[in-house]
Amino acid sequence: MRCRRPQPPVSDSERVLFGGALRYDTPYVQHELPLLRMSLWAMARQFPQVIGTVTKAAWREDRAALRTLLAAELGQGLMRAFALVATNQVLVALFAAGPTPTRLRQALPGLAAMATVAALLAVLAALSTAASGQLEPKIERVCTARFYQGVIRVELAALEDQRVQRALDAGKFGTESIRTMLGSSVLVLNALISLGAAAAVLFLLHPLLVLTLLLVAAPKGWGAVLSARRRYASRHTWIEHRRAIAILTEKLTDQRCAAEIRVHGAGRLLVDAYTDMSRTMEREQRRLARAESATQAAASAGSGVAALVAYGLLWWLLTSGGMPLAVAGTAVIAVRTSSAGLQSLVMQVNRLYQEAMYLKDWERACDTARQHAVPAGGSPLPGPLKEVRLEGVSFTYPGATAPALHAVDLTIPPGQVVALVGENGSGKSTLAKLVAGLYLPTGGRLWWNGTEIREADREAVFDQVAVLAQDFPQWPMTARANVHIGRSDHPLDQQRIEQAAADADLADTISSLPHGWDSLVIKGFERGAQLSGGQWQRLGTARARYRDAPLLIVDEPTSALDPKAEIEAFRALRSLADQGTTVLLITHRLAATATADLIYVLDHGRLIEHGTHTQLMALADGHYRSLYETQAAQYTPSPST
Ligand SMILES: Nc1ncnc2c1ncn2[C@@H]1O[C@H](COP(=O)(O)OP(=O)(O)OP(=O)(O)O)[C@@H](O)[C@H]1O
């Protein structure tokens with residue numbers, strides 16, 4: 001059964017803002033067409049494998065709950081079959097010859113059996129709900145944790161590879177799917193057992209009765225599949241619209257956009273675009289509703305005709321003397337209850353298959369993460385930091401056409417402030433990431449205390465490094481947690497947190513917050529506070545200081561600080577080095593590099609000069625000197641003023 005994918009028209013706003021429909025090349029899209037192309041039979045063939053994957057995961061996590069679940073489902077199927085047999089007994093007693101009180105008495109055992117079955121069914125259903133409620137969150141938690149544990153170990157360079165990134169993105173969807181699939185599998189199992197039981201009872205009563213069951217259920221099953229697929233295809237289109245609208249509307253309430261929304265009038269454009277795009281969505285919803293009502297009508301008509309044929313068959317069986325009236329009554333009840341079960345079966349199989357594709361993505365993502373993980377183990381790095389040495393180190397980003405670093409030779413001695421200087425894009429941050437062990441050189445060698453980085457235990461390298469990147473994370477947590485996360489593998493030490501805050505000139509900021517260290521540094525929540533750019537930078541510095549690692553890498557650590565705070569921050573770095581910490585400083589503030597012990601100057605990925613400030617200023621045509629003098633000239637009044 002195939003279904004054409006609805007294509008809503010592209011609104012004018014989408015053309016203006018996105019150059020057409022905003023269609024994502026996301027993992028979600030990848031699954032849409034295969035599912036719609038898949039025949040019902042092909043879908044059914046996937047069923048055992050899908051159930052197998054879910055069952056295995058459930059078996060690993062909670063065998064007792066899985067056993068209870070399976071027993072409860074099987075029990076319910078058997079009880080339903082038993083209920084049909086009891087119904088038949090009651091009908092046989094009621095349609096027998098004789099006075100009514102006698103017939104009612106004879107029906108009593110059957111009625112008692114039906115009541116008992118109903119009670120047992122309720123107990124089994126409750127057991128099944130409890131067991132699947134216990135299993136679902138467990139397998140979701142375990143699979144999600146497995147996925148993220150893999151993701152956080154992936155090499156940074158691998159993350160730059162679009163194929164890896166895409167595989168990991170796709171995996172996110174699968175973690176929810178495994179939970180949904182357990183629920184769907186249970187419903188499918190339930191429907192299958194109940195249908196099998198009904199068919200078996202009907203077959204025993206009269207083989208031809210199974211045909212009546214199929215006749216009545218088939219048109220409704222067809223309608224259910226068609227509607228489910230159409231809803232799925234439409235939901236997809238609808239989701240993309242919703243995403244595009246969400247992208248626009250979330251900016252309307254985004255504080256960072258507030259100024260342009262008001263001053264530039266961007267808000268009006270976005271609200272108009274929202275209205276325009278919502279109209280497109282409305283049309284799509286209308287089309288879907290019409291198509292669905294037509295399918296429902298056709299399925300009901302088909303089912304009605306099939307019911308006529310089925311009842312005609314029963315009539316024929318009754319009049320030709322082949323079947324007692326009670327059996328025909330049982331058949332009618334069985335057909336009516338089973339056709340609803342069949343409809344649900346078809347829809348759940350459809351859903352199961354859809355979720356199975358996401359689950360496969362999850363498996364693929366876990367494999368990808370494993371393949372690209374930072375290798376565990378390697379040579380330990382005992383003792384204090386002695387030196388980091390680069391020999392002919394080159395680095396090309398995955399997918400880039402030119403290297404970001406070319407044959408760089410340099411040494412970072414311990415306990416010194418080493419500055420990396422150069423114009424934008426000269427390779428300073430890339431070099432710092434290589435030193436931190438975040439990237440491996442694509443050429444040359446990088447030694448940590450005499451151990452080549454590829455052989456070193458990278459966890460041991462990370463352990464010796466503290467990083468304050470230009471775009472350091474602003475964790476949505478309390479101020480205290482924002483500092484402690486710098487060394488979260490150790491128990492929280494409030495005294496050290498306060499010392500780090502004092503070193504980073506953060507203490508006044510914290511005491512000005514209404515809840516001090518317990519303030520959430522994210523606005524819009526209880527105890528929330530909004531920090532300024534400079535206050536955030538001090539918080540980031542405190543985090544790096546709290547980490548207390550032998551090598552501190554700081555990339556533009558003062559870009560948001562006022563002049564006095566900036567001078568103080570550089571003085572603090574100097575005194576940190578005097579106490580034995582090695583500081584790798586990246587900055588465009590060349591006044592600060594004047595006090596560095598060693599300056600490396602990069603240009604287009606090449607190391608072109610190195611030395612102290614005095615040595616570099618002595619080079620007549622030096623790059624550093626030229627940068628320094630250009631910057632210094634800004635502060636020197638020109639003769640005309
Ligand atoms: N993730 C990346 N993928 C591809 N190329 C990158 C990536 N990051 C940086 N580059 C490129 O590598 C080169 C060096 O960038 P890098 O960020 O190291 O420069 P930088 O000296 O730190 O610059 P800035 O002073 O602007 O911070 C640039 O050409 C940049 O475009």
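**Exercises: a sheet, a ligand shell and two spans**

In β2, Leu-410 is the bridge partner of Leu-390. Keep in mind that this is a predicted model, where local features need pLDDT of at least 70, side-chain atom pairs count only at pLDDT 80 or more, and totals for chains, interfaces and linings use all residues. Numbering runs from 1 along each chain as its sequence is written.

**Exercise 1.** Work out which strands stand at the edges of the sheet.

*Solution.* Start with the terms: strands are DSSP runs of E with at least two residues, helices are runs of H or I with at least four, and both are numbered from the N terminus. Two strands pair if DSSP finds at least two bridges between them. Next, β1 (residues 388–395) pairs with β2 in the antiparallel sense over five bridges. Now read off the order: the open sheet has four strands, β2-β1-β4-β5, with antiparallel pairing. β2 (405–412) and β5 (451–452) each have a single partner strand, so one side of each is left without a neighbour in the sheet.

**Exercise 2.** Find which helix gives the most to the shell around the ligand.

*Solution.* Residues around the ligand include Glu-160, Tyr-397, Lys-428, Ser-429 and Thr-430; the test is a C-beta atom, placed from the backbone, within 6 Å. Helix α12 (residues 428–435) gives the most, with three residues.

**Exercise 3.** Check the helix content of residues 77–98 and residues 182–203.

*Solution.* An unreviewed UniProt entry lists both among its "transmembrane region" spans. Residues 77–98 are 86% helix and 0% strand, with end C-alpha atoms 35 Å apart. Residues 182–203 come out at 100% helix and 0% strand, with end C-alpha atoms 31 Å apart.

Notes. UniProt positions are given in the numbering used here, feature names are shortened, and annotations may be inferred rather than shown by experiment.
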